[in-house]
Amino acid sequence: MLIAMALNVALAFQDPVPIDAMVVRKAVAEAAAIWAPYGFALDRTDVCGRSAAETLLLTIGIAGTATPGRPPIVLGTIVFAPDGTPQPRITLFLDEVLRFVAGARVLGAEEWQWPRLLREQIMGRILGRVLAHEIGHYVLVDRRHTPAGLMRSIQRSDELAAPSRAGFTLSADQAAQLRARSVAVSGLESTRERADTCGRP
Ligand SMILES: [Zn+2]
């Protein structure tokens, strides 16, 4: 018997989010669309909100740049503990993503030629795909990269900006590894700690 079960992943963006709300919505929707085929239901949540017990909570921080002026360009990161356990906190590097957006060509047009809605759409798409990649490190409990697909380490700006999600899938091995790991992922959830400081008036 096959039991279909969606694993909920709640994404708590740290305040204040230095991006337009529409871009954040599109980024979460893009990451959700990439993870839906693997039984993950992604949604945004409040850092201090309560989430259901069966929900993985990941906090999302947004910073400027990881290593100013030095290659490689890091678009996002997740930290692993020395024992190989990923920490439930992802950082996205906005300045680098903006530089990537500027380098992308859409239907042959440069960024300055794009209408505002298209720019928001592309910005959200790129951020969402970077986010989906970092979520991959977390749920696969693996810091390694693959030569192709969602978990490759080098992403091209044109591909990150393109409407097609064909290049953002897991390999068959990774998908199988994930199914086998669903128990471990539940275990991760039960040991999570919230490091955020939340105040109530
Ligand atoms: Zn990576």
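Here are some friendly questions and answers about the predicted model shown above.

Me: Before we start, how are residues numbered, and which pLDDT cut-offs apply?
Reply: Numbering starts from 1 along each chain as its sequence is written. Because this model is predicted, local features need pLDDT of at least 70, totals for chains, interfaces and linings use all residues, and side-chain atom pairs count only at pLDDT 80 or more.

Me: What pattern of helices and strands does the protein chain follow?
Reply: Helices (H or I, at least four residues) and strands (E, at least two) are DSSP runs, numbered from the N terminus. The protein chain has five helices and five strands. Read along the sequence, they give the pattern β-α-β-β-β-β-α-α-α-α.

Me: In what order do the five strands stand in the open sheet?
Reply: Two strands pair if DSSP finds at least two bridges between them. E3 and E5 run parallel, joined by five bridges, while E4 (residues 76-80) and E5 are antiparallel, with four bridges. The pairing is therefore mixed, and the open sheet has the order E2-E1-E3-E5-E4.

Me: Which strands stand at the edges of the sheet?
Reply: A strand at the edge has a single partner strand, so one side is left without a neighbour in the sheet. The strands placed like this are E2 and E4.

Me: Which residue of E5 stands opposite Gly-76?
Reply: Strand E4 pairs with E5 in the antiparallel sense. Thr-77 stands opposite Thr-91 in E5. For Gly-76, the residue opposite in E5 is Leu-92.

Me: Why do the buried residues of H2 lie on the same side of the helix?
Reply: A residue is buried if 20 or more other C-beta atoms lie within 10 Å of its own, exposed if 12 or fewer, and partly exposed in between, with C-beta atoms placed from the backbone. In H2 (residues 94-103) the buried ones are Glu-96, Val-97, Phe-100 and Val-101. They share a side because the arc they cover around the axis, taken from the directions from the helix axis to the C-beta atoms, is only 145°.

Me: What do the buried residues of H2 pack against?
Reply: Two residues are in contact if their C-beta atoms, placed from the backbone, lie within 7 Å. With H2 spanning residues 94-103, the partners of its buried residues are strand E5 (86-93), helix H3 (116-140) and helix H4 (157-161).

Me: Which element gives the largest share of the largest nonpolar core?
Reply: A nonpolar core is a set of buried Ala, Val, Leu, Ile, Met, Phe, Trp, Tyr and Cys residues joined through C-beta atoms within 7 Å. The largest one has 44 residues, and Ile-126 and Leu-131 touch the most other members. Elements giving two or more residues include strand E1 (7-13), helix H1 (21-35) and strand E2 (40-45). The largest share, ten residues, comes from H3.

Me: Which peptide bond is cis, with omega near -15°?
Reply: Most peptide bonds are trans. To find this cis bond, look at the loop between E1 and H1, where Pro-16 lies. The bond runs from Asp-15 to Pro-16.

Me: Where is Val-141, and what is its phi?
Reply: Most residues other than glycine have a negative phi. Val-141 is in the loop between H3 and H4, and it counts as partly exposed because it has 16 C-beta neighbours inside 10 Å. Its phi is positive, near 50°.
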